[in-house]
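Here are some short exercises, each with a worked solution. Try each task yourself before reading on.

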Amino acid sequence: MRRQSRRLGTALLGIFPSALFVLLLLNVPLSTSAKVTGPCSNCHTMHNSQGGSPMATYGADGKPWKATNPATAFPALTRGTCLGCHGIGTSMIVTIGGSEIPQVYHTDASGDLAGGNFAYLLGTKGGGASDTKGHNVVDLGSAYKEDLLTTPPGMYHDHGVRNTNLTCSGDNGCHGWRGSWSSISSIKGAHHANVNGKLDVADQVHNSYRFLMNVKGFENNGTYKWQNKDATNHNEYFGASTPLNPANGCGMCHGSYWNGYVSITYTRPQNFTISGFCATCHGNFHTLDQIGGDNVSPFTRHPTDVLMSAADEYAAYNTYNVQTPVARATVPAAISSTVPAGERVVMCLSCHAAHATDYPDMLRWNWSTMVSTRSGGCYNCHTEK
């Protein structure tokens, strides 16, 4: 099925540009129906003109990514920017042209999608605006760029990512190809060929977890798709038993891609894990040499891509907890509520959300409340502390 999807995506690229941009989380329930469907005009406009007037761009008035001039045209003939499609609703999921579109910016009081919600950065949801609550992508508008930090915290090597150019996708973003690709060209065709469920190949954008190039995992494709709802409805993340090792040189974070003409170097995690992916920008927090030189406690920094011990304080973590999710040592074929010893892996997303939360440092919980009640958060794993 994936080979068929890839051929279909290649064929479509010869006819149409890519569909809507993605941040982190676009898929549809089954691999056979995960691709964007419907008329091309749902996503594209040939000349940005209809009946003598400019085509309306997606996005609500008053948001910084809404084009102030409706005549504004976007690359690849799309009718909106990333957030122009994925940040337009008051609900977590909206429908455009018959396709469900996950929202990474919204004011839905019922909750958030698995990756978090950029609305916390802007203060339109939660306890007030703060740069510390998430990734300050420039797609949110220049007024909301990071003011405290100029480069990624824990930066192992300088790849040119700055507070002024961090974006949703592309060379300085997270989604799509990362290496001399613009935001739109980096995910070109991915929506047309998108698959979900078990993603254990991850050799193209459309078959990588949430369009994160070379990341493996299992995308929640059930009733609560795009969500970490509860122990039986959540994403499954792929992890390793040993973090990325700088001894591998540039191969730790870089690969090569033959585009039919030349070989292009791009950024990706060598180990195909979500923590390895984060390490491409935040290496000092995730690489073997920086967490202590090995994968055995005690550590210098909190480990990731390390198997959680089956003994002592960790022995009680046997049921999947969406407040502190864990990765698995193998890519599962289905969602599971149990995480047996020898399978559960500590990852960066065990503590943080990808986009933004209502707590400092993108944490999944309130640090001060956790300490005062001695429950939740860190205590989900460290049960004897």
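**Exercise 1. Cysteines**

Work out why Cys-253 has no bond to Cys-250.

*Solution.* This is a predicted model, and the sulfur positions are taken from it.
- Step 1: Find the closest cysteine sulfur to that of Cys-253; it belongs to Cys-250, at 8.8 Å.
- Step 2: Compare this with the cut-off, which asks for two cysteine sulfur atoms within 2.5 Å. The distance from Cys-253 to Cys-250 is therefore too far for a bond.
- Step 3: Look at the surroundings of Cys-253: its relative accessible area is 6%, so this residue is buried.
- Step 4: Turn to the count for disulfides, which is zero. Cys-168 is in no disulfide either, with the nearest cysteine sulfur, that of Cys-82, 4.1 Å away. Cys-168 is buried too, at 1% relative accessibility.

**Exercise 2. A hairpin and a patch**

Describe how S6 and S7 pair, and find out where Tyr-261 sits.

*Solution.*
- Step 1: Locate the strands: S6 covers 254-258 and S7 covers 263-267.
- Step 2: Check the pairing. S6 and S7 are antiparallel, with five bridges; in one of them, Ser-256 has Thr-265 of S7 as its partner.
- Step 3: Examine the turn. The two strands form a hairpin with four residues between them, and Gly-260 in the turn has a positive phi of about 100°.
- Step 4: Place Tyr-261, which is found in the loop between S6 and S7. With a relative accessible area of 70%, Tyr-261 is exposed.
- Step 5: Add its partners in the patch: Trp-258, Tyr-261 and Val-262 make a nonpolar surface patch of about 420 Å².

**Exercise 3. The open sheet**

Name the edge strands of the open sheet of six strands.

*Solution.*
- Step 1: Write down the strand order, which is S3-S4-S5-S9-S10-S8, with mixed pairing.
- Step 2: Pick the strands that pair on one side only: S3 (198-199) and S8 (306-307) are the edges.
- Step 3: Zoom in on one pair. S9 (residues 327-328) and S10 (residues 344-346) run antiparallel and are joined by two bridges. Arg-328 has Arg-344 in S10 as its bridge partner.

**Exercise 4. Salt bridges**

How many salt bridges does a search of the whole structure find, and which parts does the pair Glu-100 and Lys-225 tie together?

*Solution.*
- Step 1: Take the total, which is nine salt bridges.
- Step 2: Start with Glu-100 and Lys-225, whose side chains meet at 2.7 Å, N to O. Glu-100 lies in strand S2 (residues 99-102) and Lys-225 in the loop between S4 and S5, so this pair ties together parts 125 residues apart in sequence. Glu-100 is partly exposed at 36% relative accessible area, whereas Lys-225 is buried at 9%.
- Step 3: Move to Lys-125 and Asp-112, with their closest N and O atoms 2.9 Å apart. Lys-125 is in the loop between H3 and H4, and Asp-112 in the loop between S2 and H3, so the parts tied together are 13 residues apart in sequence. Lys-125 is buried at 12%, while Asp-112 is partly exposed at 24% relative accessibility.
- Step 4: Inspect Glu-219 and Arg-210, which form a salt bridge at 3.4 Å, N to O. Glu-219 is buried at 1% relative accessibility, and Arg-210 is buried with a relative accessible area of 1%.
- Step 5: Finish with a network: salt bridges that share partners join Glu-236, Arg-328 and Glu-343.

Technical notes: Residues are numbered from 1 along each chain as its sequence is written. This is a predicted model: local features need pLDDT of at least 70, side-chain atom pairs count only at pLDDT 80 or more; totals for chains, interfaces and linings use all residues. Side-chain values use heavy atoms; hydrogens and water are left out. Buried means under 20% relative accessible area, exposed over 50%, partly exposed in between (1.4 Å probe, protein chains only). Patches are made of residues with over 30% relative accessible area and no salt bridge: like charges are joined within 9 Å, nonpolar side chains (Val, Leu, Ile, Met, Phe, Trp, Tyr) within 5 Å. Accessible areas come from the Shrake-Rupley method with a 1.4 Å probe; for residues, only the protein chains shown count as cover. A salt bridge is a side-chain nitrogen of Lys or Arg within 4 Å of a carboxyl oxygen of Asp or Glu. Two strands pair if DSSP finds at least two bridges between them.
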